[in-house]
Amino acid sequence: MDGHIVLDGVTKAFGENVVVNNIDLSIGEGEFFSMLGPSGCGKTTTLRMIAGFEVPTEGTIILTGTDVTRVPPAKRNVNMVFQAYALFPHMTVQENVEFGLRIKRVKRDEVRARTAEAIESVQLEGFEARKPAQLSGGQQQRVALARALVNRPAALLLDEPLGALDMKLRKEMQHELKAIQVRTGTTFVYVTHDQEEALTMSDRIAVMNDGIVEQCAGPREIYEHPSTAFVAGFIGTSNIVNLRVDRSVDGNAVMDVSEGNRIVAKSDTKVGESLQVTVRPEKIHLGAGGLGDDASMVGGRISDVVYLGSMTQIMVDLATGDSLTVHRLNDEATTTEAKVGDTVTLHWAAANSFVIKGVPTIADREGDPALETSDNHNGRHNT
């Protein structure tokens, strides 16, 4: 694999506990790359292996073309930024930023020039003489970034650096971080469990679960076309539907729910085979028309309505006993108010029923008693 940072077959086990399991990643130079997943999925351990704080049990780590698998952290050209800023409280912004260069005995003129460049890159000009206690949380975070960037690392590794900030400041710093990364051209490898954070900032995202990478792609691809049920459920809100194909029409797999009710997905799956699809709540419309004969259409009753500011979340119970989540924007075009108890028809385009690959076929189910008992011709699950 080619890349600025390459992980080839990397595994990390602590005793019998495998926390990172044979992952392959290639991170490009100048890329904002995020590792996203729930607590305990292995993302921080992976970052620590890139930094050199952990040594892989198996596999190889390449940094700018050099094998650094067993090179100690101090000899790797990377810097790490943690959630705790660890600024020296008795030092000014200027002194904090230049500290690493002075330890390396860099010449005084170069220290001043590089420190000024780093402070400018995080837009803290005029704050050089202030102490950390005189700065806001966001400003302290930028000092920590400048202190790392001043060393001109091949990559900056960030372990949930915004976790200690309040929601408003966190959102502001997401845009700040991306802007800093673009200005400096530095490779950022970012660890987070916050889906919105990863979608906002990243060029690409590796979604991790139980020590493996479930999917690695750009934010839009991850959100619009999740490759596994875990990714679909973890990134935002998604309706996951498990059905078997009843008909195949013009390249579409059609699943008949009841008379006049159907779910349609673009797929060449054969009649009788199982199919799992996901559809995002904002892709589902209330009402019966407008998308053509190849659109999905199902009826149900509204069980819950939640006002979320810019949108309303509507839960609709289907005749099967399962539910779909619908998101409707709260704009002036909305003419009717959804109410609990209302009977509604939901519809969405076939292209928005995205097929999740790797689902067991009916033949697989017939050979597995556990799958046979859980199979239902029109069974659905919502996450």
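How many bridges join β6 to strand β7, and do the two run parallel or antiparallel? Select residues 155-159 for β7 and residues 78-81 for β6: 4 bridges join the two strands, and they run parallel. This is a predicted model.

**Whole protein**

Start with everything shown. The protein holds 10 helices and 22 strands. Along the principal axes, its C-alpha atoms fill a box of roughly 80 × 50 × 35 Å. Of the 383 residues, 48% count as buried. Among contacts with a separation of 6 or more, 67% are between residues 24 or more positions apart.

Next, colour by confidence. The average pLDDT is 86, and 91% of the residues score at least 70. Now select residues 359-383, where the pLDDT is below 50. In the model this stretch has 55 contacts beyond near neighbours in sequence. Where pLDDT is low, the predicted coordinates should not be read in detail.

**The sheet with β6 and β7**

Go back to β6 and β7 and add the rest of their sheet. This open sheet has 6 strands, in the order β6-β7-β8-β3-β9-β10, and its pairing is mixed. At the edges are β6 (78-81) and β10 (212-217), each of which pairs on one side only. On average, neighbouring strands are turned by 20° against each other, direction ignored.

For a single pair across the β6-β7 boundary, pick Met80: its bridge partner in β7 is Leu157.

**Helices on the sheet**

Select α4, residues 137-149. Helix α4 lies across β6, β7 and β8 (187-192), and runs at about 170° to β6. Then select α5, residues 167-184. Helix α5 packs on the sheet, where it touches β3 (32-36), β7 and β8. The direction of α5 makes about 155° with that of β8.

**Helix α3**

Now select residues 108-121, which form helix α3. At 1.5 Å a residue, its 14 residues should span 20 Å, and the end C-alpha atoms are 20 Å apart, which agrees.

Which residues of α3 are buried? Highlight Val111, Arg114, Thr115, Ala118, Ile119 and Ser121. Seen down the axis of α3, these buried residues fall within an arc of 155°, so they line one face of the helix. An α-helix has 3.6 residues a turn, so residues three or four places apart point the same way.

To see what covers this face, show the neighbouring helices. The cover over the buried residues of α3 includes α2 (93-103) as well as α4 and α5.

Step just past the end of α3 to Gln123, which takes a positive phi of about 55°.

**The loop after α3**

Continue to Ala133, which lies in the loop between α3 and α4. Is Ala133 buried or exposed? Its relative accessibility is 77%, so Ala133 counts as exposed. For a long distance across the model, draw a line from Ala133 to Asp322: their C-alpha atoms are 53 Å apart in space, and the two residues are 189 apart in sequence.

**Strand β1**

Finish at Thr11, which is found in strand β1 (residues 5-14). Thr11 has a relative accessible area of 9% and is therefore buried, the cut-off being under 20%. Leaving aside residues up to four places away in sequence, display what surrounds this side of the strand: Thr11 touches Val18, Val20, Asn21, Asn22, Pro56, Thr57 and Glu58.

Notes: Residues are numbered from 1 along each chain as its sequence is written. This is a predicted model: local features need pLDDT of at least 70, side-chain atom pairs count only at pLDDT 80 or more; totals for chains, interfaces and linings use all residues. Side-chain values use heavy atoms; hydrogens and water are left out. The expected span of a helix is 1.5 Å times one less than its number of residues. Buried means under 20% relative accessible area, exposed over 50%, partly exposed in between (1.4 Å probe, protein chains only). The arc is that of the directions from the helix axis to the C-beta atoms. Contact means heavy atoms within 4.5 Å. Two strands pair if DSSP finds at least two bridges between them. Axes are lines fitted to C-alpha atoms, for helices over the stretch in contact, and angles run from 0 to 180 degrees between N-to-C directions. pLDDT is the predictor's confidence in each residue, from 0 to 100.
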